[in-house]
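The exercises below are meant to be worked through with the coordinates open, each one stated as a task and followed by a solution in steps.

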Amino acid sequence: MPTTVEPHATGVLERYKALLPVTDATPLITLGEGATPLVRSARLEAEVGCEALYFKLESCNPTGSFKDRGMVVAVAKAMEQGAKAVMCASTGNTSASAAAYAARCGLDVYVIVPHGNIAEGKLAQAVAHGARIIAIEGSFDDALRLAREITDRYPIALVNSVNPHRIEGQKTASFEIVDVLGDAPDILCLPVGNAGNITAYWKGFVEYYQQEQATKKPMMWGFQASGAAPIVSGEPVPEPKTLATAIRIGNPASWQGATDARDASGGAITAVTDAEILIAYRRLAQDEGIFCEPASAACVAGLMTRANSEDVAGKTVVCVITGSGLKDPERAMAEFAPELQPVAPELSLVEQEMGLQ
Ligand SMILES: *Cc1c(COP(=O)(O)O)cnc(C)c1O
C-alpha cells in the first residue's frame, strides 16, 4: 500500500515517525491526535505543595481520550498488513477511538463491551462511527478474552493495548511532555486500568532519556480505584467495582509493564476511593476549569493523598487527564446538577435567582 500523507498532517505518526514502527508502507493516517496542551495548575499546585503542577490534557484528542495516540498507530499497522476489519474490547474509550479511525480508513469495526458498564457518551461515539457493537453480560476482562479468541480465529486485527502498536503510539505523550518542559518531570501521575498507558509512558520516558532528550526519568505514580485495584493488592479482582468505569478492570493485560514501570522508576501504584475520586473530579472542574472523567480525576485524587506523606517540595509533577468529562454527562449531572426551578422571564425574578436581591 502506498504511503498516504494527508494534507496538513499533524498527527503522531507524522511527527514522531522516527521513533515509531513506521515503514515506507505505513499509511500516515491522522485525525489530528497528539500535541495536547500541558496546562499549569491554577490552585491545586499550592495545596499539593510541589514546585509546579501541570495537567496533560489528553481529553483534547480527537475522540476525547488518550486512546487516539495508540489507536492511530494500531490502525495504520493493521492497514499496512492488509486488514479489512479491527476489533476491541472496551470500557468505552477504546471503542470510541477504534470506531473513529476505522470509519476514516474504511475498515469494519467490532466492539465488545460489558453491558451496562459503559458511559453513554462513549457508546454514542462508537454508534455514530458505525461500529458493530456486541454487549456481553460480563466484565471487561471477559470481553478482552473473547476479543482475543475471535481475532485469533478470523482475519480481524485486535486493537486493544495488548497490541504493541498501541503502546508505541501512546508513548508519544511522554515525548511531548519533555519537548514542552525541556526535561522530564520529577513525578508523573496517571490512572491505571488495563495498565497499557503507564507501560507506554514509561517506555517513552526511557527512550527519550536514552537519546539524551531528557536528563532524568520521572517517578511513576499510578493510581487504581480501591474497588478495582489488582496491582495494589497483588491479585486479580473477580468483580471490580468503581464509578470510574474507564479503570474498572480486575486483571490488567499490561500488569507486568505497570509493575516494571513502578519499580524501575522508584514509583508506586496505590489505591484511591471513589469518594476521593469524586472530590478531585469536583476540584478539577471548579478550581481548575478542567472537566474530566472520573477515571482521570483518580490521579489527581492520588496526588493529593500522597502529597500528605511524600515530600513533593521542589518537584515538578504532571497529572495525565486521560479523558473528557463530556464522555459521562450522567455522572456530572448526578454530581453537580441543582434542582432547576424555572421562573417567569422577569428581571426581578432573575435577579432573585442570581442572589442579587
Ligand atoms: C483507558 C483509560 C484509562 C486507563 O488506561 P489503561 O491504559 O487501561 O491503564 C484511564 N482513563 C481513561 C479516560 C481511559 O480511557
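Two strands are taken as paired if DSSP finds at least two bridges between them. The model is a predicted one.

**Exercise 1.** Work out the order of the strands in the open sheet, and state which are the edge strands.

Solution. Following the pairings from strand to strand gives an open sheet of 6 strands in the order β1-β2-β10-β7-β8-β9, and the pairing is mixed. The edge strands are β1 (38-40) and β9 (268-272), each of which pairs on one side only. From one strand to the next, the twist averages 25°. For one pairing in detail, take strand β2 (residues 52-57) and strand β10 (residues 316-321), which run parallel and are joined by 6 bridges. Within this pairing, Leu57 stands opposite Ile321 in β10.

**Exercise 2.** Identify the strands that helix α12 touches, and give its direction relative to β9.

Solution. Helix α12, which covers residues 274-288, packs on the sheet and touches β2, β8 (219-225), β9 and β10. The direction of α12 makes about 95° with that of β9.

**Exercise 3.** Describe how helices α3 and α4 pack, beginning with the geometry and ending with the residues in contact.

Solution. Two packed helices are described by the angle between their axes and the distance between the axes. Helix α3 (residues 67-80) and helix α4 (residues 93-105) pack at an angle of about 45°, and their axes lie 9 Å apart. Because of that angle, α3 is oblique to α4. The crossing of α3 and α4 is right-handed. On the α3 side, the contact is made by Lys67, Asp68, Met71, Val72, Val75 and Met79, which meet Asn93, Thr94, Ser97, Ala98, Tyr101 and Cys105 in α4. Sorted by character, the residues of this contact of α3 with α4 comprise 7 nonpolar, 3 polar and 2 charged.

**Exercise 4.** Locate His165, and list the residues it touches when those up to four places away in sequence are not counted.

Solution. His165 belongs to helix α7, which covers residues 164-170. With residues up to four places away in sequence left out, His165 touches Pro21, Gly70, Val73, Ala74, Lys77 and Gln81. His165 and Val72 are 93 residues apart in sequence, while their C-alpha atoms are 8.9 Å apart in space.

**Exercise 5.** Decide how compact the chain is for its length.

Solution. The chain contains 15 helices and 10 strands. Its radius of gyration is 20 Å, close to the 21 Å that the globule rule gives for 357 residues, so the chain is as compact as a globular protein of that length. Along its principal axes, the C-alpha trace spans about 70 × 50 × 45 Å.

Key: Residues are numbered from 1 along each chain as its sequence is written. This is a predicted model: local features need pLDDT of at least 70, side-chain atom pairs count only at pLDDT 80 or more; totals for chains, interfaces and linings use all residues. Side-chain values use heavy atoms; hydrogens and water are left out. Helices (H or I, at least four residues) and strands (E, at least two) are DSSP runs, numbered from the N terminus. Axes are lines fitted to C-alpha atoms, for helices over the stretch in contact, and angles run from 0 to 180 degrees between N-to-C directions. Contact means heavy atoms within 4.5 Å. Angles under 35 degrees count as roughly parallel, over 145 as roughly antiparallel, 65 to 115 as roughly perpendicular and the rest as oblique. A crossing is left-handed if the near helix is turned anticlockwise from the far one by less than a right angle, and right-handed if clockwise. Ala, Val, Leu, Ile, Met, Phe, Trp, Tyr, Cys and Pro count as nonpolar, Asp, Glu, Lys and Arg as charged, and the others, Gly among them, as polar. The radius of gyration is taken over C-alpha atoms; the globule rule is 2.2 Å times the number of residues to the power 0.38.
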